[in-house]
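Pull up the model and let's walk through it together. We'll begin with a bit of vocabulary and then go to the metal site.

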Amino acid sequence: AVPVPPMSIRFDQAAGTLSPEGPTLTRRMSDLEGLFRDHEAWEKAVADGDPVVYSVISSPVPEIDRELPQSITTIQPGTTGGELWMTKGHQHPNHQGEIYLGISGRGGLLMFDGTETRWVEMTPGTIGYMPPGWAHRSVNIGDEPYSFLAVYPGGAGHDYGWVLEHGMGLRALSGADGVELVDYVEG
Ligand code: M6P
Ligand code: ZN
């Protein structure tokens with residue numbers, strides 16, 4: 001990753017794109033191993049076409065300490081074993097804050113500090129704030145794609161092992177009247 005000069009980046013809200021664009025990440029069901037409570041349903045979904053669950057497009061600003069990268073994540077609508085489609089979720093290894101701005105669709109921002117859990121509903125225009133030390137996962141709670149803009153310190157990093165080890169406190173299931181939050185372990 002190389003530093004970039006001062007620049008403007010075109011954010012097309014309707015299309016959910018950044019221009020110029022940096023690296024793009026596509027996460028399929030197979031990339032979400034060990035995260036859904038229903039392992040069999042997850043395996044079946046992987047065998048059954050391994051769908052794209054979400055994608056992340058980034059601005060050209062690199063993930064380097066003291067830089068301020070941005071990205072747009074789009075989570076497709078769907079459920080696996082009754083659990084709403086979601087991002088892997090991560091902790092920042094050296095505990096730095098982050099913001100998300102809801103762009104389109106309806107989502108939830110689940111945060112967990114190892115003890116307490118917070119759930120923030122995200123609609124277009126909502127800024128969700130993740131303080132240092134709170135692991136974060138996003139969930140699509142609607143029936144259309146959910147997109148949000150993320151702005152985060154370039155040196156924040158992504159610790160995915162933390163979530164596999166500690167969970168996220170709660171799980172977001174599809175319930176009769178929308179989202180139903182259940183305890184992570186008994187889920
Ligand atoms: C947001 C940011 C990114 C993150 C992405 C997907 O865009 O928080 O840093 O990579 O969401 O989330 P995850 O890394 O947990 O799959
Ligand atoms: Zn983060």
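A polar contact here is a pair of N or O atoms within 3.5 Å, where, within protein, one atom must be able to donate a hydrogen and the other to accept it. Keep in mind as you look around that this is a predicted model.

With that in hand, go to H90, which you'll find in the loop between β7 (83–84) and β8. Its side chain has a polar contact with the side chain of H92 at 3.5 Å, and another with the side chain of H136 at 3.0 Å. Is H90 buried or exposed? The cut-off for buried is under 20% relative accessible area. H90 comes out at 9%, so it counts as buried. Leaving out residues up to four places away in sequence, H90 touches E98, Y100, A135, H136, G157, H158, D159, Y160 and V163.

Some of those names come back as soon as you turn on the ligands. Which residues donate to the zinc ion (ligand 2)? The protein donors are H90 through NE2, H92 through NE2, E98 through OE and H136 through NE2, and they lie 2.0 to 2.1 Å from the ion. Written as a sequence pattern, the spacing of these donor residues is H-x1-H-x5-E-x37-H. Within that set, E98 and H136 link distant parts of the chain: E98 belongs to strand β8 and H136 to strand β12 (residues 135–140), 38 residues apart. Both E98 and H136 are buried.

And the geometry of the site? The angles among the four donor atoms of the zinc ion (ligand 2) run from 89 to 160 degrees, and the site is irregular. For comparison, four donors count as tetrahedral if all angles lie between 85 and 135 degrees.

Now for the rings. A pair of aromatic rings is described by the distance of the centres and the angle of the planes. The model has three aromatic pairs. Take Y100 and F148: their ring centres sit 4.4 Å apart and the planes meet at 45 degrees, so this pair is tilted. Here too, distant parts of the chain are linked, with Y100 in strand β8 (residues 98–104) and F148 in strand β13 (residues 146–151), 48 residues apart. Y100 is buried, with a relative accessible area of 5%, and F148 is buried as well, at 2%. Add Y146 to Y100 and F148 and you have one aromatic cluster.

Two other rings have a charge over the face. K88 lies over the face of Y160, 4.3 Å from the ring centre. R171 does this with Y184, at 3.9 Å from the ring centre.

W162 deserves a stop too. It sits in helix α2 (residues 161–166) and is buried, with a relative accessible area of 15%. Setting aside neighbours within four places in sequence, W162 is in contact with Q91, F112, D113, G114, A135 and G167. If you want a sense of span, W162 and Q13 are 149 residues apart in sequence and 32 Å apart in space, C-alpha to C-alpha.

Finish at helix α1 (residues 39–47). At its start, a side-chain oxygen of D38 reaches to within 3.2 Å of the backbone nitrogen of E40. After α1 comes G49, with a positive phi near 100 degrees.

Note on methods
Residues are numbered from 1 along each chain as its sequence is written. Chains are lettered from A and ligands numbered from 1 in the order in which they are written. This is a predicted model: local features need pLDDT of at least 70, side-chain atom pairs count only at pLDDT 80 or more; totals for chains, interfaces and linings use all residues. Side-chain values use heavy atoms; hydrogens and water are left out. Rings of Phe, Tyr and Trp (its six-membered ring) pair if their centres lie within 6.5 Å; planes under 30 degrees apart count as stacked, over 60 as edge-to-face and the rest as tilted. Helices (H or I, at least four residues) and strands (E, at least two) are DSSP runs, numbered from the N terminus. Buried means under 20% relative accessible area, exposed over 50%, partly exposed in between (1.4 Å probe, protein chains only). A charge sits over a ring if NZ of Lys or CZ of Arg is within 6 Å of the ring centre and within 35 degrees of the ring normal. Contact means heavy atoms within 4.5 Å. Donors are N, O and S atoms within 2.8 Å of the metal (3.2 Å for Na, K and Ca); water is not among the atoms, so sites may look incomplete. Four donors count as tetrahedral if all angles lie between 85 and 135 degrees; four count as square planar and six as octahedral if opposite donors are over 155 degrees apart and all others between 65 and 115; anything else is irregular.
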